[in-house]
Amino acid sequence: MPPRRIAVLADSDTRWKWGAAVAQQLAPGHALDAYFLRGRSTPTERQLAEIGIVPDTRREISAAELVDDEELAAADIVVMALLGGTVLTLTHSLGLAWEGRERRPITVTGYVGVVYEKMVDGLMTRAGSDVVLANSAYDAGRFRKAFASVGVDPDSVVECALPFLGGDPYLASSGDRPFTLTFAVQPSVPKGKAARLALLERAAAHARRHPDREVLIKLRSMPGEATTHVEADPYQLLVEQLAEAAPANLRLVYGNMGEVLGRTDLLVTVSSTAALESMHRGIPTAILTDFGVREAHGNHYFLHSGCLASWDDIDAGVLPQPDPAWSEAQGIGKSDPYAAARTRVAALRAGGPLPALRPYYTPQRAGLYLGDLLLRHGLDEKGRAVPAALGGDPGRVKAAVRRAARSGAKSLYRVGRQRVAPTLRKWGAA
């Protein structure tokens, strides 16, 4: 008998990391099929290799092409690791395409990181999936209340935890290696060249004050690579603009975050999900306050954690540890956080034919909103593909796209050859 199959639909490197890790937790015995949606942030080979989860099959596809994909329809579980609007688009379109089938896949969705803004926006676009994963007890409670208030089944919300919380517990350096501070950067937090350069200056200053420490700048992507969020001012280029030459113990590194944390004694970040990975392993973790505690930066999520600190605090030797009650409420430290989700999937399988897949937002309830999202993905209200060029010449459109891609590739190559490559050779990589 062939193995059961779980398909992961992802549109960026971060969402693939989340979706693939969810698949491994949810259905460890299933074959893993990867569907990467074509778009601005489709992950590159380097990004996929860094994540390190290799699917059994892999395809790059558009949302419109997914609707009639028979292999997807034959999967046992489909994990939608996508933007909320794309989840809504596919829940609507696949629901219509799969209607009348004797069986359809169980659909699962959720959030790649902490939910610190636009909770209602994201949640309502995910309503209608068979399983909506909540990364903490706190999230599960507010998700269920929101669903119940609008008539969506609150039992579809299942409490779990971020799937990549794992790794060996932290052991302080015993002299076999230097004390290591890792600064986990984010593509869009903070925004603006001046703010990002200021953080880099503080990291460099810390390295100068503590020559016995190693200071790692953990990078997310190469300049020109797309991520979930656009990175306008990459640290690889900003390092060239430091007021003083970077000290020898400051290094730029890539690599899997779990592996980097394996040699980290203090994780510093503004609000990266890496903070939760670090806390889960017992690594001291500092959430930066230098630009304030603000919703725009996402560090307000850590208000009650006990881990808020400035670079001045870090220079003075602070090693924050999270409040145990706060950690428990955020799903940190659970031994088997996906047990309830596996139980939910098993119950859905055992319950006979699944009902038709329907989102909360229908053409009748939110036709203008849904219609706009469908059109953006090349679909009409019936979930069918619309003509690509809408009356234009498809050949000319494709040619223009190819010209733009070639131009962009040349520019990226020049940046890489003239600026990034020398920097990486100078400062090293993981």
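Reasoning about burial, packing and pockets

Q: How do you know what share of the contacts in the chain between residues at least 6 apart in sequence join residues at least 24 apart?
A: In this predicted model, 73% of the contacts between residues at least 6 apart in sequence join residues at least 24 apart, where a contact requires heavy atoms within 4.5 Å. The chain in which these contacts are counted has 16 helices and 13 strands, and buried residues make up 52% of its 430 residues.

Q: What makes helix H6 largely enclosed by the rest of the structure?
A: A residue is buried when its relative accessible area is under 20%, and six of the eight residues of H6 are buried, so the helix is largely enclosed by the rest of the structure. The buried residues are Met119, Gly122, Leu123, Met124, Thr125 and Arg126, and what covers them includes helix H5 (84–98), strand S5 (106–109), strand S6 (131–134), H7 and helix H15 (363–376).

Q: How do helix H6 and helix H7 pack, and at what angle?
A: Helix H6 (residues 119–126) and helix H7 (residues 137–150) pack at an angle of about 65°, with their axes 11 Å apart, and H6 passes H7 in a right-handed crossing. The contact is made by Met119, Leu123 and Met124 of H6 together with Arg142, Phe143, Ala146, Phe147 and Val150 of H7; these residues divide into seven nonpolar, no polar and one charged. Just after H6, glycine 128 takes a positive phi of about 110°.

Q: Why does glutamate 295 count as buried or exposed?
A: The cut-off for exposed is over 50% relative accessible area, and glutamate 295 has 53% relative accessibility, so it counts as exposed. Glutamate 295 is found in the loop between strand S12 (285–288) and strand S13 (308–309). Not counting residues up to four places away in sequence, glutamate 295 touches Tyr116 and His300. Glutamate 295 and glutamate 117 are 178 residues apart in sequence, yet 7.5 Å apart in space, C-alpha to C-alpha.

Q: What residues make up the lining of the second largest pocket: how many are nonpolar, polar and charged?
A: The residues of this lining divide into four nonpolar, seven polar and six charged, a division in which glycine counts as polar. About 430 Å³ of space lies in the second largest pocket, and of the 17 residues that line it, the closest to its centre are Leu37, Arg38, Gly39, Arg40 and His377. Helix H3 (residues 63–66) contributes the largest share of the lining, three residues.

Key
Residues are numbered from 1 along each chain as its sequence is written. This is a predicted model: local features need pLDDT of at least 70, side-chain atom pairs count only at pLDDT 80 or more; totals for chains, interfaces and linings use all residues. Side-chain values use heavy atoms; hydrogens and water are left out. On a 1 Å grid over the protein atoms alone, a cavity is a set of points where a 1.4 Å probe fits but cannot get out, and a pocket is an open set with protein on both sides within 12 Å along at least five of seven lines; lining residues have an atom within 4 Å of a point. Grid points are joined across faces, edges and corners, and a volume is the space filled by probe spheres set on the points. Helices (H or I, at least four residues) and strands (E, at least two) are DSSP runs, numbered from the N terminus. Axes are lines fitted to C-alpha atoms, for helices over the stretch in contact, and angles run from 0 to 180 degrees between N-to-C directions. A crossing is left-handed if the near helix is turned anticlockwise from the far one by less than a right angle, and right-handed if clockwise. Buried means under 20% relative accessible area, exposed over 50%, partly exposed in between (1.4 Å probe, protein chains only).
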